[in-house]
Amino acid sequence: MAFRRWWLILALFIIGLGSARGEAPPIAIGFYLPVIRDVPRKDVEVSLRFWIEELAASLNLTFKPIRFYDDLGELRQDMSAGTINYLVATSMGVAQHFSLKELSDGFGGYKAVPDNLLLVVRGAAGIRRLADLSGKRVAMLDHDELSEVYLETLLLKTWGKPAASRLESVSREKRSSSLVHRLFFNQADAALIYRNAYETALALNPQVGQRLQVLKDYSFSGRSPHIGLFSSHVSTEHREIITQGAMRLNETPRGRQVLEIYQADAIVVSTVRELAPFRELLGENRSLKAAAGAPAKKGER
Amino acid sequence: MEMMSGNADAGHSGWSILRWLPTNRMFLRVFGVFGSLLLAMTALYALLIIPLQRDSLLKVMYSQAATVSRSIIQACSDAMLTDDFGFVVEHNLQVLQNNKSVRSVVIVPRRGTAMRIAPEGWVMQENERAALPATAFEKESYGIINDAAGVSHYRYTTPIRFSGVIWGVIRIDFDTSEYEYNIDEMYRQLSYISLLVVLAILFAGYFFTLWLTRPISTISQAASRVARGDLDAHVHVKRNDEIGLLSRSFNQMVDALQQSRDQLENYNQELELKVAERTRELDELNRTLDQRVRDEIAMRKEQENLLIHQSRLAAMGEMIGAIAHQWRQPLNALSLVMQNMRMQHRMGSLTEKSMDRMQEKGEQLVQRMSSTIDEFRNFFKPGKHPEAFRLAQAMRSSAEIMEGVFKNHGIALTMECDETIELFGIPGEFSQVVLNLLSNAKDSVLDSGQAEPRILVRVIRIWDRVQISVEDNGGGIAPELLNKVFEPYFTTKDEGKGSGIGLYMSKMIVENNMNGRLEASNVRGGGARFTINLPAVRKSDSPRLQ
């Protein structure tokens, strides 16, 4: 789902660029790969390059090859050096590695149902409150900064000290669906799952809803754990031209077709302000850790 | 390529499709046979290829199903052994996502709840185990099935084995739309092929059949013209096959016919000339026909009279011979009487009484000789009118005439005759017939040098017919001559002995005058038999004799 959504964002972005052909500077995209989890990485790289090149050619745009990253630190360095001027990454990762001054507003997909982060527990595990997580097996997505910070923050709030020692295990899965399956088949007692993935699992198997329960629901204003933003080095005029072009795609048949295929309801402007809840959560986490005497993680700002 | 010459069909010699299609039956037949054969071959091909193609598609599906099954089992083996069903579901969802032809995967562990994974979702199902075939844990099974909704699937079920231990069963349902599409495609292609065949029949078949039948039809039309008498009809088929040969042969035949007709016309002209000439001759003949007929009749009459005359002369010869034989004894006796008279006179013993006795004796002898002449005269007195007469009497008359001859030559004559039998005819003619036959028999036995010559005359009555046979033992008649003995002037006797008209006249008398038959044959033992077959006279027919 995430892959499709971000492909949509990119496609619309490029189409938006096409609408401003001849006026926008060459666009260099930096793509943080953990954004897309349900598709093999190589497939993501090949397909994204192919589609973007095809769309760019059809739109007569000047385009630099898309760059893929596993490390947000490297992505930030490239953006600082001007190698890339537009990023697609997890919102919490951007909040951790970028200052607001380095970024400018961009655009992305809008879903009517916000992709909240849920703490889901297996009903048979006997977890009724956060304190019951003690001695339980917890699962979350790999390379998902929001899940890491949110779980840590919850447990710091509950127990007042780093929680790793209170849990039996913390496992990390590459796919959201794997989290649901681990819970369902009693390989985990609790998991942090994004709402869309969870509801998809419920749609695939109604028995999931009978066995699992949502214990906590964390919402954020951006409605998506991922975000697309320009570098602050891109001029406001160019950003507006490109963004306005992208917004017009909601009205074109081709744009509506793409939105329908990738299950997005509309393309909307994404702002740097949407990083605020993540930054707040991150700040709360840091405060709690500081209170508990735990060191801050490397790269965090 | 080929054309027909002549003026009769000049208006049809142009090439026209419409002219060929409806009227040329041979074209239609050959075209029909050609087309039927091709259609039959296409149908046969379809009948053979459809099952093979279906089997082939099913084998492809089986191969795909087995591969997918092995792939799933291999990928999930660790997860299955460690009861990591989450991975199993995850993997199979991935399989379903990557393989759109898979409709569902059902994994039934030997212990535990079955999982049913489909593109629309997955679920744990207790009742899946019961839905499996009884042998699902033992061997694989496969085939196309229809579910409750009437949707067809290709279902493949196989046991999941790890190191020989059966862990469970995997059942995969495949979408058959591709199979059905391929089947439809096959039918569609066969339809196209059939359509192409039909077009090929219409196109190639038309020209092929035209190529095959047109020269034949051309020859046929030319033959029809020839049959109507138009010998100018020729065909020009420039081909080196049998049809070309037939064309050349046809032209040769027509040329030969033309020559024959020319000759025939010449013959006719000659014949007409001859007929005209003959007609003239015939007209001339007709004009003189009456005279010719009269001349011919007169000539025939003259010949007949000559024959009769000759016959009579022959009979007279016979009669004279017979008289000579008859007179020989009384003449001897008369000589003796005369000698006795002279002796008695010399001896003076001639008395009045002895003179009277010898005179009486001499008169008796002379009377006898005279009666002999009367007999012969009576015998040959020609009768004018047919009448009933006694056969035995007529036979005896003839025999008595020949009696002297027979005695002189020692010929034994035997006659067996019913005294009551009567015939109708001219007695003299019949006696002449009998005399001819007896004379013939006499000559035959004498010529043969038979030591005991004999003649047998036998009369037999068979109902209302009388059969008179005269047999001798004179050696018979050569078989090749049996049909010739009744021809006039035919004789085997030495020159001067036979005239060759006796048997001819006898046959004429018997068959023309007495309504009978006279036939010659040979008898066993060496002899000839002449048989007269005559109608007998019934008592009621001859009141005068009674």
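## Where chains A and B meet, and two sheets of chain B

Helices α6(A) and α3(B) cross in a right-handed manner. The residues on the α6(A) side of this contact are A:Ser177, A:Ser178, A:His181, A:Arg182 and A:Phe184, and they meet B:Gly86, B:Val89, B:Glu90 and B:Leu93 of α3(B). Sorted by class, this helix pair brings together three nonpolar, four polar and two charged residues. As for the geometry, α6 spans residues 176-184 of chain A and α3 spans residues 85-98 of chain B; their axes come within 8 Å and cross at roughly 145°.

Please keep in mind that this is a predicted model. For the complex, the predictor reports an ipTM of 0.73 and a pTM of 0.53.

### The wider interface

Let's step back from the helix pair. Eleven residues of chain A are in contact with ten residues of chain B. On the chain A side, α6 and α7 (195-204) each provide at least two of the touching residues, and α6(A) gives the largest share, with five residues. By class, this side of chain A has four nonpolar, six polar and one charged residues.

What does chain A look like as a whole? Its secondary structure comprises eleven helices and twelve strands. The chain has 301 residues, and 46% of them count as buried. Among contacts in chain A with a separation of 6 or more, 84% join residues 24 or more positions apart.

### Two open sheets in chain B

Chain B holds an open sheet of six strands with antiparallel pairing and an open sheet of five strands with mixed pairing. Here they are side by side:

| Sheet (chain B) | Strand order | Edge strands | Average turn between neighbouring strands |
|---|---|---|---|
| Six strands, antiparallel | β4-β3-β2-β7-β6-β5 | β4 (121-125) and β5 (141-146) | 20° |
| Five strands, mixed | β10-β12-β13-β15-β14 | β10 (412-416) and β14 (517-523) | 15° |

In the six-stranded sheet, β6(B) (residues 152-162) and β7(B) (residues 165-175) pair in the antiparallel sense over ten bridges. A handy landmark is B:His153, which stands opposite B:Asp175 in β7(B). Helix α2 of chain B (residues 25-81) lies across β2 (102-109), β5, β6 and β7 of chain B, and runs at about 40° to β6(B).

Now to the five-stranded sheet. Here β13(B) (residues 465-472) and β15(B) (residues 527-535) run antiparallel and are joined by seven bridges. B:Arg465 stands opposite B:Pro535 in β15(B). Helix α9 of chain B (residues 427-447) packs on this sheet, where it touches β12 (454-462), β13 and β15 of chain B, and its direction makes about 25° with that of β13(B). Another helix, α10 of chain B (residues 502-513), lies across β14 and β15 of chain B and runs at about 125° to β14(B).

### How confident is the prediction for chain B?

The average pLDDT of chain B is 82, and 90% of the residues score at least 70. Which stretches of chain B have a pLDDT under 50? One of them is residues 1-15, for which the model has 29 contacts beyond four places in sequence. Residues 542-546 of chain B also have a pLDDT below 50, and this stretch has seven contacts in the model beyond near neighbours in sequence.

Technical notes
Residues numbered from 1 in each chain as written. Chains lettered and ligands numbered in written order. Predicted model: local features only at pLDDT ≥ 70, side-chain atom pairs only at ≥ 80, totals over all residues. Axes fitted to C-alpha atoms, helices over the stretch in contact; angles between N-to-C directions. Helix = DSSP H or I, 4+ residues; strand = E, 2+ residues; numbered from the N terminus. Left-handed = near helix turned anticlockwise from the far one by under 90°. Contact = placed C-beta atoms within 7 Å. Nonpolar A, V, L, I, M, F, W, Y, C, P; charged D, E, K, R; others polar. Pairing = 2+ DSSP bridges. Buried ≥ 20, exposed ≤ 12 C-beta atoms within 10 Å, placed from the backbone. pLDDT = per-residue confidence, 0-100.
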